[in-house]
Amino acid sequence: MPDIYPFSQKGCTGDRKVWERSGKRGVRAFELAELNMPIVPGFTIDSRLTSRLESMDLKNMLREGLKVIEEGIGRKYGDPDNPLILKVVTSSNLSLPIYPTVFNVGLSPQTMNGFAKLIGEKAAWFEYCYLLRTAGTKLFDIPDSAFNDIEKKYPSDVAGTKQSAQEMIQLLGDAKIPDDPIEQLERIIKDAAKRYHDPDLDEEDSMAIMVQGMVFGNLGENSCVGMYFTRNTISGENKLSGSYLLNSYTLDRPGDDIAKLDGGYLEELKKIGATLERKFLEIREVKFIVEHKKLWLVNQTQVDSKSTQAHIRTLLDLMKAGVVDDKFLVQQIPPGQIASLLHPVIDPKSLGSMVTVRGGMTGSPGAAVGRVFFSADKVMKAYRDYLQRGEDTRVILAVESSFAEDVKAIEVGLGVISVEGGYSSHAPVVARSLGKVSILNQNIKMGENSFEIDGKIVREGDYITLDAPVYTKPMIGLGKATLINPDIQANGLVEFIEIIKRFIKPNFLVRANADLGRDAKVAKVMGAYGIGLCRTEHMFFADDRIHRFREMILADSTEERVKALNDLEPLQRDDFYDLFKTMAPFPVTIRLLDAPLHEFLPRSGDTLDAYLAYLSKKGIKVDRKEVEETIERLHEFNPMLGHRGCRVAITYPEIYEMQVRAIFEAGVKLKKEGIDVVPEIMIPIVMNPNELTFIKNGKRIEGKYIKGIRDTAREVFTEAGVELNYHVGTMVELPAAALLSDELARYAEFFSFGTNDLTQTTFGLSRDDITSFFPAYTEFDLLPNNPFQVLGNPVKELIKISSDRGRLTRPDIKLGLCGEHGADPVNIEFCMDSGLNYVSCGSYSVPIALLSVAQLNLKAAAAAEAAKK
């Protein structure tokens, strides 16, 4: 059994079992040697020997191993005139940021004169001190500060450095480094094995030792030391990224851009980088030294800090070069990582000494910088003022919790901080739909014009930085960082989406939650196969609509309400027209008004003033106190289970009639233009089939006639002389609806599982209040996951029951899921296994869902192929 395994540009052993017994540091060297790259030569000592090294005579084995290093570098170990210098590296199979290393092994009084001829007398004694320092700190646990104290005593000239060396020798005491070079190497290897060997590990898994030659970048202007990445680790641009220093021992200060390196070396490094990417299928980091015009590679390793964008662009380039195929590419990226391609990211260099606080929950991922304000009105005013003055218009909203009147501020701003609520509460849902950043943190103490976090005060108008990652805790920075903005064309996302869609099958698709034409445009670019949820209440949040909608809600009579609705209908029609046209030929599911009506009413004195001013301009005189009393009367104690959804249509049928008419009028207009659309009209918060038939078919009772969807359809089609195909379905978001799905399916042509509300009503949990107590549930393992992010088993069971019962009545019923759960890979797998036809999620989450579906399809295909064998 050979005890040592040499490596050099000429090659190395190909035995992978030997590689495993050489540790990660040894493997990296073997990888370069196997590619015949100019690795600084060396050898590894088999890890199975580590436990016995202290009792062995290693001299003959070491002399044999040194031959390949001496031949490669052209210097001889222990030669007094031209000495070879070594480093001894502990090479574990554990992934460590730094592997303990002793440098400059072989320096002693016997070799100092020869080494001084190579590097200069002062530098030679400095390197001897470094040998003593690294041996003392790495092998004998002498604190680094002890060596610093010695160095401070003496001047930095030759005489002073010699004095430092003598005192360092005394500091080592019994651990004295032998002067004889071969004894020195043997002693250091044995001490390293003694210090770092773990007796609890099997011999096969024990630490190995690597001995490698040393070359020097400080031998004049024809020498340098450098480090580079094989491409830009942030953007993925196929261009070397790194730095170098001429005539320097190490990169101990900022260097020159690698692109300025002598052309010959630069071209060689480019070729090395391209070869490494083809070998490892990822970006690599390479350390190199040029010694007297000879290029050497010291080490190469993976780059954990690379961005998802950089990794995707690397894989796209490798696919185009024929190195990998599209299946491999799709399987390499964890779905959640795609979020970083859709939102700005913080340039880490810009954080500097900024105070940052991590904690809370990411409601919508991304990064944002802006001045913070504590109400929607203040955000809007600040934005307008900054715009008029030509100043920075970036603003962020911070509130206890958000409501309908805050949507405009979230839309204008770059992010929102909220204290109350959870992942599926108002602020995160709106932020995700608009592509804004959302952070929830219940530890924030909100004041009128400031908030406190971790003992730090943030005042209104202060700049803050938000960093909301997918997998780790979000961060709030007290200051202004620099952002790197995404370009979905340049960062490879659009191209990647097209590749992902090669593995999407028609039996399970991904739609988007989109409320306006601009949202639909984004959804289409993101790869959505239609709209699975258009929340029509979101269409009324804009400044030019909210007051009209409030006027409708606060109307004293049906006549006044119809008048207000007639005013809103053209706006709704135009919205639906835009949605249908933008998303054609894909389906669009429109949920009729769902939100509790009181959510749209003024909540502050400022918003009430604005509403009264609107009425005054219309010539309508009202008593402020009467309006306040009406608002108070409409307030509900439990609005999520109150007067919302189809219940509004039953008490005020004229609201749904207006919306349905607008849908059909938009559809027939498009059909006349040659664009065929099939509207899907969804009725929310249904708890029994009677509600569904009432809204779909209408009702005649005691001389009163309530129009149904079918009645309105006939009227519009007759007026237009054009008919449309359309479907009517329901959201299943109550346990009662799930259990009555066989009856509902008699009238509903599709079910869409609204899992936000289904989770609330199944678990009896409020999505707006869960964060106040859920940490305790996590601490004591009372629930495996947040049920508003990962579907709970009771909710899954209700979805299965509803699906099965619905199919019994209507075998071709279409089934989808449109809650906030729709982009989670675990939830998607459940939906596919349960026979659903699609999930619908926020536009910016569509690529995440698509990738999850594609990976699951590839996994199923591989399993089916394996089963055949």
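This passage goes through the overall build of a predicted model and then turns to a charged patch on the surface of the protein.

To start with the basics, the protein has 869 residues, and 56% of them count as buried. Along the principal axes, the C-alpha atoms fit in a box of roughly 115 × 65 × 55 Å. The secondary structure is a mix of 32 helices and 36 strands. As for how the chain meets itself, take the contacts between residues at least 6 apart in sequence: 70% of these join residues at least 24 apart.

On the outside, the accessible surface adds up to about 37100 Å², with 49% of that belonging to carbon and sulfur atoms. Charge comes next. The protein carries 106 positive and 121 negative charges, and the mean positions of the two sets lie 3 Å apart.

Locally, there is a surface patch of negative charge, where Asp-556, Glu-559, Glu-560, Asp-623, Glu-626 and Glu-629 gather. Two elements give two or more residues each to this negative patch: helix 19, which spans 558-583, and helix 21, which spans 624-634. One of the patch residues, Glu-626, sits in helix 21. Glu-626 has a relative accessibility of 52%, so this residue counts as exposed, the cut-off for that label being over 50%.

Note on methods. Residues are numbered from 1 along each chain as its sequence is written. This is a predicted model: local features need pLDDT of at least 70, side-chain atom pairs count only at pLDDT 80 or more; totals for chains, interfaces and linings use all residues. Side-chain values use heavy atoms; hydrogens and water are left out. Helices (H or I, at least four residues) and strands (E, at least two) are DSSP runs, numbered from the N terminus. Buried means under 20% relative accessible area, exposed over 50%, partly exposed in between (1.4 Å probe, protein chains only). Contact means heavy atoms within 4.5 Å. Accessible areas come from the Shrake-Rupley method with a 1.4 Å probe; for residues, only the protein chains shown count as cover. Lys and Arg count as positive and Asp and Glu as negative; His and the chain ends are not counted. The place of a charge is taken as NZ of Lys, CZ of Arg, CG of Asp or CD of Glu. Patches are made of residues with over 30% relative accessible area and no salt bridge: like charges are joined within 9 Å, nonpolar side chains (Val, Leu, Ile, Met, Phe, Trp, Tyr) within 5 Å. A salt bridge is a side-chain nitrogen of Lys or Arg within 4 Å of a carboxyl oxygen of Asp or Glu.
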